[in-house]
Structure formats: structure tokens, C-alpha cells
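This report describes the charged pairs and the nonpolar core of one protein chain. Please look at the structure before reading on.

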Amino acid sequence: MDTQGGPYLNKKAVLSPLGAVRLSQLALGCAVVAMVTHSAGYSSSYGVFCMAVWCLCFAVSVLLFFLDATRLYSCLPVSWDNLTVAFAALATLMYVTASVVYPLYFVRSECPYAGCDVRDFRIAVTACSIAGTLAYGAEVVLCRARPGQTVVGYMATVSGLLKVVQGFVACIIFGALANGSEYSRHAATIYCLVVYALCFALTTVVVMMTVCGRTVAVRCMPFDRLVVVYTLLAVLLYLSASVVWPVFCFDTKYGSPWRPSSCPQAKCPWDSKVVVAVFSFVNLGLYVADLIYSQRIRFVSPQRPARPRV
């Protein structure tokens, strides 16, 4: 046993700005889950989604905090910095969504049949969820690479954070496609689906490579150049999909430029088509911004420390 080493527990996991932010995430996440379970309640697919977001983020946050405090993350075959900032960015987006969806469907000014206590708990859940969003966003800000710094953790750069947002927006597109968008009516809209799926898959591969620390080089080109090539390809693909989808969904020859009056409120294919069109342009803008920022990155792969001799 090595008696000359440092303490087993990582004090910075608590006694640092980043540690304080993560403790806030745990406290707020625990409060949200407890209040929803105790009295606020949830129902329908929207409530299940919000509860799944809060439980998942809380569980992962507990695991990451435990690994950081005990230094056990050094035993994992992952890039710890990339993993934590990628999760913080994803949790921020998920919390934002839950913080909008939950009050939209469950908070009313008048008291529900269960009494005013339920309404008050739901308002408190919303407030804690918004505060949790700020806590996860603060972690992203604290971990983000600053101009002039040598980039070791790709996910801490603007380009790396944009990858997380691109994947999240793609999930929104997939959700709209699955919600009666009638994408299978035309070969052109099926092509758009292939574009969305291909770009999402490649973005996921890039994120997984960085989290797993596999960023030294791929065949004949370095990782940063590979990312630029892929991003340029994604820009061209999304540009084509952003043009093709509206034409084949809203042109009078193929569809309707106006919402049909007979379309049901929550199950209207036209609404899903609008969501896909809007977020296609959103992701196109994200990929363009990613391409611009990628030109400035010079990625330095972290060197694995040598294992001490026993």
C-alpha cells in the first residue's frame, strides 16, 4: 500500500465552484423528484417524459459526483472531462424542455380538484426545475474552453457543445416525424429522413469517440480535420433537406401551405411537418456555426499517464 500518496477523497469535488454547482444539481434534482412523487404528481406521456428526465439526470449526477469524489473515474476507459461536460450540456437541454413542458400541461392558475396544495407543489417543481437548468448550465460555463487555451477536451469547446445541441434537435425532429408526419408519402421526404438519421448517427459517433478518448487520428487524417469534413458534409445534407422538406409538405401540388381546419388539435400531421421544417433550419444553422468554429480548433489529445509500478 502506498502511504505517501494524497488523500483518497477529492476535496475539489466539494470545495470548488464546480463542486458547489454539482451539489446544487443534486439538491435540486432530489427536491424535484421528491415533490413530484409526494404531491405534485404527473400523468400522460408528457408527465412521464418530465419525470424520466428528472430521474435520469439525478441518477447520472449522483454517479458522476461519486466517481469524482472518490477519484474512481481514473479507472474508467473514458475521457472524464469530455464525459462530464457533454452530460452537463445534455442535462441542460433536457431540463429546459421539462421546465417548459411540465408547467404548460400541469400548472393552472385555479386550484385543481385535488386542492391548492397540488398546484403549489407543481409551481415549486417548476421553480426547482428552472433552477436545475441554471445549475447544469453553470457547469457548462465553468468547464467551457476559453479563447487562447490549449484544447484538450473537445466537448468543452463551442464545436463540441454544438454537437450535443445538434443531437438534441435531431431527437425533436425524430419525435415530430413519428407523430403522424406522413413522411412516407413521398420519396423526397424519405430522403430527408435518411439525412436526419445519417447526420444524427455521425454526430453520435463523434461524441462517443471524444468521450472514449479515441481522438488521436483516424486513418490518414487527424481528428480535428475529420470533424471539419463531417461537419461540411452535414451542412450540405441539411441544406438539401431544409429545401426539399417544405416543398414536398407545403407546396399546393403535394400538400397544403395552410393548416387544415378539420385537423385535430393534438394529432395534426400538418403541425408535425411544421416542427420538422422549423427544426431542420435550426439544425442547419447549428451545423453552419459548428463549421465556422471548427476552423479555429487545434485539438490536442490527452496523454494517458503511465501506470505506476507495483
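Asp 120 is partly exposed, because its relative accessible area of 37% lies between the cut-offs of 20% and 50%. The model is a predicted one. Arg 119 is also partly exposed, with a relative accessible area of 21%. Arg 119 and Asp 120 form a salt bridge with each other, and their closest N and O atoms are 3.2 Å apart.

**Salt bridges**

The count of salt bridges in the model comes to 4. Three of them are listed here, among them the pair just described.

| Pair | N to O distance |
|---|---|
| Arg 22 and Asp 68 | 2.9 Å |
| Glu 139 and Arg 22 | 3.1 Å |
| Arg 119 and Asp 120 | 3.2 Å |

Arg 22 appears in two rows of the table, once with Asp 68 and once with Glu 139. Where do Arg 22 and Asp 68 sit in the chain? Arg 22 lies in helix 1 and Asp 68 in helix 2, and the two are 46 residues apart, so the pair is described as linking distant parts of the chain. The salt bridge between Glu 139 and Arg 22 also links distant parts of the chain: Glu 139 belongs to helix 4, Arg 22 to helix 1, and 117 residues separate them. Through shared partners, Arg 22, Asp 68 and Glu 139 are joined into one network of salt bridges.

Are the members of this network buried or exposed? Arg 22 and Asp 68 are both buried. Arg 22 has a relative accessibility of 9%, and because the cut-off for buried is under 20%, Arg 22 counts as buried. Glu 139 has a relative accessibility of 4%, so Glu 139 counts as buried as well.

**The nonpolar core**

The largest nonpolar core holds 72 residues. Those that touch the most other members are Trp 54, Cys 57, Tyr 102, Val 125, Tyr 196, Tyr 238 and Trp 245. Two or more residues of this core come from each of helix 1 (17–40), helix 2 (44–70), helix 3 (80–106), helix 4 (116–143), helix 5 (158–178), helix 6 (187–211), helix 7 (223–250) and helix 8 (269–294). Which helix gives the most to this core? Helix 3 does, with 14 residues.

Val 125 can serve as an example of a core member. Leaving out residues up to four places away in sequence, Val 125 touches Val 32, Met 35, Val 36, Ala 40, Trp 54 and Tyr 102.

Definitions and conventions: Residues are numbered from 1 along each chain as its sequence is written. This is a predicted model: local features need pLDDT of at least 70, side-chain atom pairs count only at pLDDT 80 or more; totals for chains, interfaces and linings use all residues. Side-chain values use heavy atoms; hydrogens and water are left out. A nonpolar core is a set of buried Ala, Val, Leu, Ile, Met, Phe, Trp, Tyr and Cys residues joined through side-chain atoms within 4.5 Å. Buried means under 20% relative accessible area, exposed over 50%, partly exposed in between (1.4 Å probe, protein chains only). Helices (H or I, at least four residues) and strands (E, at least two) are DSSP runs, numbered from the N terminus. Contact means heavy atoms within 4.5 Å. A salt bridge is a side-chain nitrogen of Lys or Arg within 4 Å of a carboxyl oxygen of Asp or Glu.
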